[in-house]
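Colleague: I'm new to this one, so could you take me through a single part of it up close? I'd like to hear about the salt bridges, please.

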Amino acid sequence: MSDRYLEFANSPLGKSIATALGLPAAPRLRRAKSGYAARPLADRAVLLGGGSHGELAASLLTALDGAGATVQIVPSHPGLPPIKHAAAAAGVTLKTEPGAEERNSAAYALVFDATGVNGPSGLRELYDFCQPRVGRIPGNGRVLLLSRAPAENKDAAAHAASQALRGFVRSLAKEVGKKGITVNLLEVGGDADGLLAGPLRFFLSEHSAFITGQVLPLGAPFAPAKALKEFEAPLAGKVAVVTGAARGIGAAIAATLAREGAQVVGIDRPQEEGVLGQTLAAFNGLGLPLDITAADAPARIAEELERRFGGADIVVHNAGITRDKMLKNMPAHFWDQVLDVNFGAILRINEKLLSGGLKDGGRLVCISSIGGIGGNAGQTNYGSTKAGVIGYVEALAAEMARRGGAINAVAPGFIETQMTAAMPAVPREVGRRLSSLGQGGLPIDIAEAVTFFASAHAAAVNGRTLRVCGQNFFGA
Ligand SMILES: NC(=O)c1ccc[n+]([C@@H]2O[C@H](COP(=O)([O-])OP(=O)(O)OC[C@H]3O[C@@H](n4cnc5c(N)ncnc54)[C@H](O)[C@@H]3O)[C@@H](O)[C@H]2O)c1
């Protein structure tokens, strides 16, 4: 669906009119044009810093160097000694940050190791690092912080400081979003220190263009995971099932999983068989036209997967519907339909697949919504299902980890699809514009997050829900 204001605000005349009238900025986001690369940051400089008690210097340096980044440093700051030590041990050359006048060489991303920030003085170190530099980050740049989760800290001040970092990230994301810059926080569990390469590549690359202001915990409960060695085509040899694959977000998910090497099985309602076939033909996907709420759907899916492939590696529960009405006016069939497609069918299909049809080590990804986090008037049915999905992935994570796999959810914000094109004009425009990035996302944005969760790049992520919403102010 087209966003005319985005086009207008990025035309030379539109830009000056929008600035003069104080209209919202809607930067043109730079999205990945191809699949995962071996060295995605090859032509990029990343400025690496940390607090005086930072614990991740070695892991961060290895991950950044492996991704091909030129690692810049601030010549004197509290986090420098461990970075220099790690660089000497790993044989990585560090570059001193360019002077303020050399704008063209300014780092594309700031990465700050905030583990060990345990009170106001540590937060001051973060300020000292970011404050003079944030204005120099180019459009579509990145800010990424790493910390320990608040609950991992032993004393109250450290717990509070970790929580403070969440507020910092959410606030800075609102300041820099108008330049298409994203700001996110990875909360690294002690057992995930060696697994930073995948998340770092994702959050520092153009695969995460519409994700900002988010906190993603890495670590237990998750399957025992090895550090990544191969980064390209992470889904080669995998079989991935996507429900609701004929169009919209599901079609983008199917194409993106295929881009990374997966054999895709796409499911959609029988009346969509033709569209499903056209969508899947582009990447040799296999179509399975069925209604996921049909009584025999779980058995048919499991049998088909077993018979053709000996089971699936990835299942993405994307199919979803809305039937909006204020609760006082909502007929029972609106309630039942939404609950059945968005929630009941997922439970029934997974129950069947977990007893055959999903291989050990499998990945489940569910599509939630920010409507399940913040709620929306007229969506008690939809909001219940999308919140239920968040609870479901939390609850099933330990079981998936025991099987060597993982389950996570992606919560889209406003995404340009037929679902949102059908909204009344005013709420649609408000939904688009009221976000840090000033626009709706595209189906590919959700597909990129799903693909990350489906791959070994997200080895340390289990039971989590990631919002992909441009930090939409609804659902906050
Ligand atoms: N578009 C957004 O802004 C947005 C925001 C938040 C969450 N989501 C979620 O993302 C997912 C995809 O949304 P979309 O915007 O692409 O929707 P869409 O309506 O464009 O596509 C949904 C697809 O699911 C299929 N489907 C519906 N019921 C089915 C059933 N019973 N069996 C098999 N297939 C079925 C449809 O035929 C369709 O192809 C949904 O779960 C939705 O709730 C979307």
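**A close look at the salt bridges**

Modeller: Let's start with K359 and D313, whose side chains meet in a salt bridge, with 3.6 Å from N to O. Keep in mind that this is a predicted model. The two partners come from distant parts of the chain: K359 sits in strand 12 (residues 358–367) and D313 in strand 11 (residues 312–317), 46 residues apart. How buried or exposed is each end? K359 has a relative accessible area of 30%, so it counts as partly exposed. D313 has 13%, which is under the 20% cut-off, so D313 is buried.

That pair is one of a bigger set, as the count comes to 21 salt bridges.

Now move along to E416 and R432. Their side chains also form a salt bridge, at 2.7 Å from N to O. This pair again links distant parts of the chain, with the two positions 16 residues apart: E416 lies in the loop between strand 13 (406–412) and helix 14 (418–421), while R432 belongs to helix 15 (residues 425–433). And here, are the two ends buried or exposed? E416 is buried, with a relative accessible area of just 6%, and R432 is buried as well, at 7%.

Stay in helix 15 for the next one, because E429 and R433 both sit there, 4 residues apart, which puts about one helical turn between them. Their side chains meet in a salt bridge too, at 2.8 Å from N to O. The two ends of this bridge fall into separate classes: E429 is partly exposed at 31% relative accessibility, whereas R433 is buried, with a relative accessible area of 8%. Now put these residues together: E416, E429, R432 and R433 are joined into one network by salt bridges that share partners. So that network takes in E416 from the loop before helix 14, along with residues of helix 15 such as E429 and R433.

For contrast, have a look at a contact without any charges. Helix 3 (residues 57–66) and helix 4 (residues 80–90) pack at an angle of about 55°, and their axes are 8 Å apart. That angle makes helix 3 oblique to helix 4, and the crossing of the two is right-handed. Which residues meet there? On the helix 3 side they are A57, A58 and L61, and on the helix 4 side P82, I83, A86 and A87. By class, this contact has 7 nonpolar residues, no polar ones and no charged ones.

Conventions: Residues are numbered from 1 along each chain as its sequence is written. This is a predicted model: local features need pLDDT of at least 70, side-chain atom pairs count only at pLDDT 80 or more; totals for chains, interfaces and linings use all residues. Side-chain values use heavy atoms; hydrogens and water are left out. Axes are lines fitted to C-alpha atoms, for helices over the stretch in contact, and angles run from 0 to 180 degrees between N-to-C directions. Angles under 35 degrees count as roughly parallel, over 145 as roughly antiparallel, 65 to 115 as roughly perpendicular and the rest as oblique. A crossing is left-handed if the near helix is turned anticlockwise from the far one by less than a right angle, and right-handed if clockwise. Contact means heavy atoms within 4.5 Å. Ala, Val, Leu, Ile, Met, Phe, Trp, Tyr, Cys and Pro count as nonpolar, Asp, Glu, Lys and Arg as charged, and the others, Gly among them, as polar. A salt bridge is a side-chain nitrogen of Lys or Arg within 4 Å of a carboxyl oxygen of Asp or Glu. Buried means under 20% relative accessible area, exposed over 50%, partly exposed in between (1.4 Å probe, protein chains only).
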